[in-house]
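Visitor: I'd like to learn how to read a model like this one. Could we go through it together?

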Amino acid sequence: MDHFQYRDGELFAEDVPLSSIAQEVGTPTYVYSSATLRRHYRVFDEAFTGRDHLICYAMKANSNQAVLRLLADLGAGMDIVSGGELARARAAGVPGEKIVFSGVGKTDEEIRAALDHGIFCFNVESLPELRRISEVAAGRGQKAPVSLRINPDVDAQTHEKISTGKAVDKFGIPWMEARAAYGLARDLPGVMVKGVTMHIGSQITTLAPFERAFTLLAELVELLRADGHEISHVDLGGGLGVPYHGDTDVPPHPRDYAEMVNRTLGHLGVTYVFEPGRMIAGNAGVLLGRVIFVKETETKTFVISDIGMNDLMRPTLYEAFHHIRPLKEPAPGAPMQVVDVVGPVCETGDYIARDRKLPVMERGDLFAVMTAGAYGAVMSNTYNTRPLTPEVLVDGDKFAVIRPRMEVEDIIALDALPPWSG
Ligand code: LLP
């Protein structure tokens, strides 16, 4: 469910016509709906009413300060993966005790910063990391709260680049080695065991892989408790998908997900921690673009737009599908055409859609790339010296620029000439 709908022939974000944003801010531009962000957070939160739980939004999905603040105001914590994300979460007003720190390569500096901010838990991904966190914390006379991320060797049936729970993936400690790892944690002076973590992948559209993983997780918690460990929470990661197509990839409703979580883990009496990213932000954002040229060749029609692969990497990186909707609603029965929608970047992989049947588009036409709120702006870059895409937040009939358009001068200013150049 999102708040991007046609009204009187025009595509709106809540009560704002997207064409007015395109006019004022230009294109390409990301536009987010506050109502959709709030709704997604609340639906997930309400699915766990009556259970101790903490939702740590995976801010890697969309880490604009305005988005973080909106979610923090609803009570969200954050799942972070870098010192940079820690600083941004804190700047948005998220308290340290609602932050979990994931990722395979935490540096000493990041570990120290997380300790300084009193985070809720480190999700530890390997034995070398466990030892290092202990050394750093013990060196300051502290005990770091830890939860070991366990790799259950479960196939999440998602794109290979976003699967994280198979034995061949770099993440977590193998399930078979988990008890020994917890034994080590108990003996280390600078860590204190709090929980067990699993995150098996992203854009998962069925419950089965989660259920397999969480069943193994429940078994492990019981074994660990029998070994004398106090396990007070389980961190179930993120991973619930969103409907990019809308028909073939409809994900489970959070209610059904919650029912499965309670079925597999409810008897343990633990606090649940969740790290949803995409399901909160994905359908809450669109990317606006404009057609620059339409180029016909013998084999194809290319709609060349001002959205480059630097603005939205997902299609070329994961063969991802994003719907494209013209801002002016096509009349019923309007002529359609099979086209490639490509960008201006000098790479063949610079496309948003290939062989897509769309209403005929012409130079100057505005359109929206749907479901671009997660892993869109955060993965954009300045390849081909294209300034970072601006971002806009809509709330009811208001909108605000929450990241201004970068200027080429800003890019030039990031570089420095060596002192020996003339
Ligand atoms: N927790 C951990 C430890 C993660 O690694 C991730 C995502 C999440 C939570 C959030 O997962 P979500 O609920 O968003 O599925 N750039 C890719 C997605 C990468 C996901 C990385 N980890 C894409 O555009 O599809």
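**Ligand and domains**

Guide: Let's start at the ligand: one of its oxygen atoms is 2.6 Å from an N or O atom in the side chain of Tyr375. A polar contact here is a pair of N or O atoms within 3.5 Å; within protein, one must be able to donate a hydrogen and the other to accept it, and residues adjacent in sequence count only if both atoms are side-chain atoms. Keep in mind that this is a predicted model, where local features need pLDDT of at least 70 and side-chain atom pairs count only at pLDDT 80 or more, while totals for chains, interfaces and linings use all residues. Residues are numbered from 1 along each chain as its sequence is written, and side-chain values use heavy atoms, with hydrogens and water left out.

Visitor: Which residues come nearest to the ligand?

Guide: A residue is near a molecule if one of its heavy atoms lies within 4 Å of it. Of the 19 residues around the ligand, the nearest are Ser202, Glu275, Arg314, Tyr318 and Tyr375. Asp79 has a polar side-chain atom 3.3 Å from a ligand nitrogen, and Gly277 puts a backbone N or O atom 2.9 Å from a ligand oxygen.

Visitor: What are the domains?

Guide: Their bounds come from an automatic or database domain assignment. Here it gives domain 1 (4-31 + 282-413) and domain 2 (34-279), with C-alpha centres 32 Å apart.

Visitor: How much area is buried between domain 1 and domain 2?

Guide: People often give the size of an interface as the accessible area lost when the parts come together. The value is summed over both parts and uses a 1.4 Å probe. For this pair of domains it is about 2100 Å², with carbon and sulfur atoms giving 52%. Counting contacts (heavy atoms within 4.5 Å), 23 residues of domain 1 meet 21 residues of domain 2.

Visitor: How many salt bridges are there between domain 1 and domain 2?

Guide: Look for a side-chain nitrogen of Lys or Arg within 4 Å of a carboxyl oxygen of Asp or Glu. The count between the two domains is one: Asp395 with Arg38, whose closest N and O atoms are 3.0 Å apart. The structure as a whole holds 15 salt bridges.

Visitor: Why does the pair of Asp395 and Arg38 tie together parts far along the sequence, 357 residues apart?

Guide: Helices (H or I, at least four residues) and strands (E, at least two) are DSSP runs, numbered from the N terminus. Asp395 lies in strand E20 and Arg38 in helix H2 (residues 34-47), so the pair links parts that are 357 residues apart in sequence.

Conventions:
Buried area = accessible area lost by both parts, 1.4 Å probe.
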